[in-house]
Protein chains: 2
Amino acid sequence: MTDYRRLRVALLGAGSVGSQVASLLRQHADELADRAGARLELVGIAVRDVDAPRDAELPRELLTTDADALIVGSDIVIELMGGIEPARTYLLQAINSGADVVTANKALLATHGPELFDAADQVGAEVYYEAAAAGAIPIIRPLRDSLAGDRVQRIMGIVNGTTNYILDRMDTEGAEFADVLADAQRLGYAEADPTADVEGYDAAQKAAILASLAFHTTVPLDTVHREGITGIDKSTMDAARHAGYVIKLLAVCERLSGDDGESISVRVYPALIDRAHPLASVHGANNAVFVQAEAAGNLMFYGAGAGGVQTASAVLGDVVSAARRHIAGGVGVGESTLANLPIVPVGRVTTRYQITLEVDDRPGVLATVAGILSEGRVSIATLEQTVVGDGADGSGVARLVIGTHKALEQDLSETVDRLAASGVVERVVSVLRVEGD
Amino acid sequence: MTDYRRLRVALLGAGSVGSQVASLLRQHADELADRAGARLELVGIAVRDVDAPRDAELPRELLTTDADALIVGSDIVIELMGGIEPARTYLLQAINSGADVVTANKALLATHGPELFDAADQVGAEVYYEAAAAGAIPIIRPLRDSLAGDRVQRIMGIVNGTTNYILDRMDTEGAEFADVLADAQRLGYAEADPTADVEGYDAAQKAAILASLAFHTTVPLDTVHREGITGIDKSTMDAARHAGYVIKLLAVCERLSGDDGESISVRVYPALIDRAHPLASVHGANNAVFVQAEAAGNLMFYGAGAGGVQTASAVLGDVVSAARRHIAGGVGVGESTLANLPIVPVGRVTTRYQITLEVDDRPGVLATVAGILSEGRVSIATLEQTVVGDGADGSGVARLVIGTHKALEQDLSETVDRLAASGVVERVVSVLRVEGD
């Protein structure tokens, strides 16, 4: 066995990912040493309570509640605690004591990423975070390195496994949202409080991370437009299927060109995708990131978006990279945010839309609707009218499904308000963007 | 504009990829400088004939026939000439004069990769080759870095665009091989001499590169088992479709476990894939690499496998990485081949098979066939018999399509020989492996 230099590795957190990382580090120690060029010696695991019950067997002597003492003198610090504090303080401490840091903490990166990157830059360290977006799927390095010579035009990502699981079952089984959510909770795919997933908060954090990388621009989390999937019911799903679409919760990061130069838009919402699009066939709790770049064309990265052992794979890849850098010497590669493109609000984005309305079934109504759309600069591409039953006042009710050409979100939104107030529209059933052109 | 350090970039070759690289380097100079932390100054383009007609307009003053003079004093040398010599000599010269090198030359890497990597190791330089496998698809960094902490079990790649284009059209249009090949040649998807593509030589080179990386093992090109697609005709394609499969030319790199430890198999052949497998929906000239890793699970990387500008994207990503390393200092990351697993011949590989036979349509034949299979340790999973017409001697002919359980290639091959010589088999129509379990 080669006599390698030893690198001291500290682990903060021993949850489902952390315990897998600890176990793989020991299980594959020799192989990892060959690949990294150094022995990765796990010197301690910081936890809140050393006596708490855990999934995996971790050596009792490695557990400690004293994270500060553990961090001092470590070469590589892996943060898998989650949350903002004390994770942020520990990572800054690690960076300032000369360690490279590995984290899977999307919430922290999406809110305090620039602070961490700046601190690392100051001392020539590097922050590794492959596991923070799309779990085991290698997407950070492709965006940061492989596409560094290209210009990313758009990213469309299915980056939340829980919502994809729910939407996929609603689509394939015709099930209702609440039923599938309950199932997902029972199976461990969704948390007891599912808000972070189903309201798109988790996806928005990942969108901010991906957009920052792709556009070399700092993307604060509050500039990410966010809508969840709780408004998607069986009838909306059925209508989408009928029209040849599937509904996916998408993180869309887009470069926009206008008269006043380039800007970007970052948004998360349920959108219609053509069934022939590669993203449409991403099933279950899987993730996929579809990237359109000026030179490379269309790329897609597919795999498991979550899971302890899957995420541990991404974390360990980062640990090996950090170790190699330690051995090679030289300063770390910093984050490039020199483009710093302006971030536009969602109102200035153009997409296609599908508007579903219930209208009074009487002469002249279609003309009124068409007139309001036209005045609002929303151009009709497709239209389907069906009779659905009786309205509140006893008259007939028709359902209109209107597919638009590309329209400005602000125009569209104002137009829908005017439709709702027009007197001929009984109900705005749904308004969904169509992505993936 | 930031006052960056300048790095001298030399380009060897000005074909379809080279001219795109030259053009993008100049077109996006400011943006690339921000990302790399250095201005990438294209100091010259070595060509065989400065007066030859070219696709793109290249500044006449950059063209030179004196590659040696160009290489001396360059910080980064990009080799896009193709072929073994003089590319090999130039790259060694560049490495030994302290440059980092970027190459898309799969033939060279598959045959002289270790020599180049060793030379780079000696001087602390690095060899970048993202463009050498699967064109614009980022696969080298994911394998080398992102999955460095994981254990790759199997790679199945559609890594040759020409053959995928041909097989896809045969599948979707029911066309014959020769007709589609002629079309592909007319459209520029296939070369006038299509041997390298249709006989699997190109895919075998890429398989060797991917397997070396994935298994940390030197994989000489002559250990890669290789079969092309010229034997696939319309009837074979139709039969595959009928059975729920599609035929793809696959590069399979597999880790095998046996009583005497681990080994690997690297092979290229047309194989049957279930239509529900993600690789089955890779259409046209696209490429995709499906990776199964112990911890990460199933991953897929999809995109354009060839094309001048697409490949240029991968080359430029490497150039930016090389520039960042120059700025950061430190030695390059070497290739890790310390695992050096034994490479087994294809005879020792087990897969499922589909055997199609024409047999005499008379009592006892099925029993004979089943007996030969059983004696040969080939177990039948599915069987379909249809009557197809009259045999050479006037008796009836039946077609047997036999799906096997997993069998050893050597057993299978000997069994097929015995079937052919048995007197009851009129013709062995096809023997295809089934991949993707």
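These notebook entries record what I looked up in a predicted model of two chains, A and B.

**Entry 1. Relation of the chains.** I superposed chain B on chain A and obtained an RMSD of 0.0 Å, with a turn of 180° and a shift of 0.0 Å along the axis. I noted this as the relation of a two-fold axis. In chain B, I found that the C-alpha nearest the axis belongs to B:Gly330, at 2.1 Å from it. I then turned to the interface: 100% of the interface residues of chain B are also interface residues in chain A, so the copies meet through the same surface.

**Entry 2. Domains of chain A.** I read the domain assignment of chain A as domain 1 (6–131 + 309–328), domain 2 (140–305) and domain 3 (349–435). For domain 2 and domain 3 of chain A, I recorded C-alpha centres 26 Å apart. Between them, 20 residues of domain 2 of chain A are in contact with 11 residues of domain 3 of chain A.

**Entry 3. Salt bridges.** I noted a count of 68 salt bridges over all chains. I looked at several of them individually.

In chain A, I found A:Glu358 paired with A:Arg399, with the closest N and O atoms 3.1 Å apart. A:Glu358 belongs to strand β13 (residues 350–360) and A:Arg399 to strand β15 (residues 396–404), so this pair ties together parts that are 41 residues apart in sequence. Are these two residues buried or exposed? A:Glu358 counts as buried because its relative accessibility is 14%, under the 20% limit. A:Arg399 is likewise counted as buried, at 17%.

In chain B, I recorded a salt bridge from B:Arg6 to B:Glu41, with the closest N and O atoms 3.3 Å apart. The pair links strand β1 (residues 6–12), which holds B:Arg6, to strand β2 (residues 39–46), which holds B:Glu41, across 35 residues. I noted B:Glu41 as partly exposed, at 32% relative accessible area.

Also in chain B, the side chains of B:Arg433 and B:Glu409 meet at 2.7 Å, N to O. B:Arg433 lies in strand β17 (residues 425–435) and B:Glu409 in helix α14 (residues 409–420), so the pair ties together parts 24 residues apart in sequence. I found B:Arg433 buried at 6% and B:Glu409 buried at 11%.

Finally, I traced a network of salt bridges that links A:Glu31, A:Arg35, B:Arg151, B:Arg255, B:Glu262 and B:Glu294.

**Entry 4. Nonpolar surface.** I located a nonpolar surface patch of about 210 Å², made by A:Leu366, A:Ile380 and A:Leu383. A:Leu366 sits in helix α13 (residues 365–375) of chain A and counts as partly exposed, at 37% relative accessibility.

Conventions
Residues are numbered from 1 along each chain as its sequence is written. Chains are lettered from A and ligands numbered from 1 in the order in which they are written. This is a predicted model: local features need pLDDT of at least 70, side-chain atom pairs count only at pLDDT 80 or more; totals for chains, interfaces and linings use all residues. Side-chain values use heavy atoms; hydrogens and water are left out. Copies are superposed by least squares on the C-alpha atoms of residues with pLDDT of at least 70 in both. Contact means heavy atoms within 4.5 Å. Patches are made of residues with over 30% relative accessible area and no salt bridge: like charges are joined within 9 Å, nonpolar side chains (Val, Leu, Ile, Met, Phe, Trp, Tyr) within 5 Å. Accessible areas come from the Shrake-Rupley method with a 1.4 Å probe; for residues, only the protein chains shown count as cover. A salt bridge is a side-chain nitrogen of Lys or Arg within 4 Å of a carboxyl oxygen of Asp or Glu. Helices (H or I, at least four residues) and strands (E, at least two) are DSSP runs, numbered from the N terminus. Buried means under 20% relative accessible area, exposed over 50%, partly exposed in between (1.4 Å probe, protein chains only). Domain bounds come from an automatic or database domain assignment.
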